[in-house]
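This report is meant for a reader new to the structure shown below. It moves from single backbone positions to pairs of rings, and then to the core and the chain as a whole.

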Amino acid sequence: MQCDEIWSFCYAKNKNVKGAKAAPDGAGDLWTWTALDADSKLMISWTVGNRDADSAFELMEDLRDRVKTRMQLTTDGWRSYIDAVGQTFGPYIDYAQLVKIYGPSHGKGDERRYSPAECVGAKKVPMEGAPDLKHVRPLPFSN
């Protein structure tokens with residue numbers, strides 16, 4: 001199982017909502033949290049919310065309720081996953097993080113704002129149980 005979160009926004013980005021004309025309630029940044037079967041690419045669980053601990057717990061609790069066998073789980077290094085996985089699954093999971101390593105941002109001045117830092121590598125970090133590190137790999141749409 002591979003989990004990740006995808007950023008998007010409703011109506012306007014958070015930084016622009018205050019100055020937007022007639023911004024509806026709920027306007028701003030949204031994160032779609034996903035749990036995909038690594039082999040079939042079947043979406044096992046998903047939720048939409050903020051990029052916070054509450055959304056991480058919501059995803060993990062739903063995933064736990066849908067998968068009844070022990071699984072291997074990979075997430076990125078986002079801190080909210082650690083507590084959510086630990087408190088939801090306890091020792092009954094094989095869990096690892098794939099922590100990305102970024103190089104310096106490219107460009108000068110305003111160019112830097114639009115040029116994300118390049119991912120120059122990643123390290124596999126066992127977190128719980130006995131994850132098989134050869135199966136710790138990024139999602140196909142991860143950057």
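A22 is placed in the loop between helix 1 and strand 2. In this predicted model, the residue has a positive phi of about 55°, although A22 is not a glycine. A22 is also exposed, because its relative accessible area of 73% lies over the 50% cut-off.

Y11 is another residue other than glycine with a positive phi, in this case near 75°. Y11 belongs to the loop between strand 1 (2-10) and helix 1 (14-17). With a relative accessible area of 45%, Y11 is partly exposed. A positive phi also occurs at K41, where the value is about 65°. K41 sits in the turn of a hairpin formed by strand 2 and strand 3, which have six residues between them.

The two strands of this hairpin pair in the antiparallel sense, over six bridges. Strand 3 covers residues 43-49, and strand 2 covers 28-36. Within the pairing, T34 stands opposite W46 of strand 3.

**Aromatic rings and charges**

The structure holds two aromatic pairs. They are set out in the table.

| Aromatic pair | Geometry | Centre to centre | Angle between planes |
|---|---|---|---|
| W7 and F9 | tilted | 5.7 Å | 45° |
| W33 and Y81 | edge-to-face | 5.4 Å | 70° |

The pair of W33 and Y81 links distant parts of the chain: W33 is in strand 2 and Y81 in helix 3, 48 residues apart. Both W33 and Y81 are buried. For the other pair, the computed accessibility is as follows. W7 has a relative accessible area of 38% and is therefore partly exposed. F9 is likewise partly exposed, at 42%.

R51 brings a charge to two rings. The charged end of R51 sits over the ring of W31, at 4.9 Å from the ring centre. R51 also lies over the face of W78, where the distance to the ring centre is 3.6 Å.

**Helix 3 and its surroundings**

Helix 3 comprises residues 80-89, and S80 is one of its residues. S80 counts as buried because its relative accessible area is 13%, under the 20% cut-off. When neighbours within four places in sequence are left aside, S80 is in contact with D52, A53 and A56.

D83 is found in helix 3 as well. This residue has a relative accessible area of 36%, so D83 is partly exposed. D83 and A53 are 30 residues apart in sequence, yet their C-alpha atoms are 8.0 Å apart in space.

**The nonpolar core**

Which residues have the most contacts inside the largest nonpolar core? They are M1, C3, M60, L63 and L73, in a core of 19 residues. Strand 2, helix 2 (53-66) and helix 3 are the elements that give two or more residues to this core. Nonpolar side chains tend to be buried together in soluble globular proteins.

L63 shows what surrounds one member of the core. Not counting residues up to four places away in sequence, L63 touches M1, C3, A35, I44, S45, M71, L73 and F89. M1, C3 and L73 thus appear both as partners of L63 and among the core residues with the most contacts.

C3 is buried, because its relative accessibility is 3%. C119, in turn, is partly exposed, with a relative accessible area of 32%. How many disulfides does a search of the whole structure find? The search finds zero.

**The chain as a whole**

The protein chain contains four helices and six strands. Read from the N terminus on, these elements follow the order β-α-β-β-α-β-α-β-α-β. The chain has 143 residues, of which 32% count as buried. Among the contacts with a separation of 6 or more, 48% are between residues 24 or more positions apart.

Notes
Residues numbered from 1 in each chain as written. Predicted model: local features only at pLDDT ≥ 70, side-chain atom pairs only at ≥ 80, totals over all residues. Heavy atoms only, no water. Core = buried A, V, L, I, M, F, W, Y, C linked by side-chain atoms within 4.5 Å. Buried < 20%, exposed > 50% of the residue type's maximum accessible area, 1.4 Å probe, protein only. Contact = heavy atoms within 4.5 Å. Pairing = 2+ DSSP bridges. Phe/Tyr/Trp six-rings, centres within 6.5 Å; stacked < 30°, edge-to-face > 60°. Lys NZ or Arg CZ within 6 Å of the ring centre and 35° of its normal. Disulfide = S-S within 2.5 Å.
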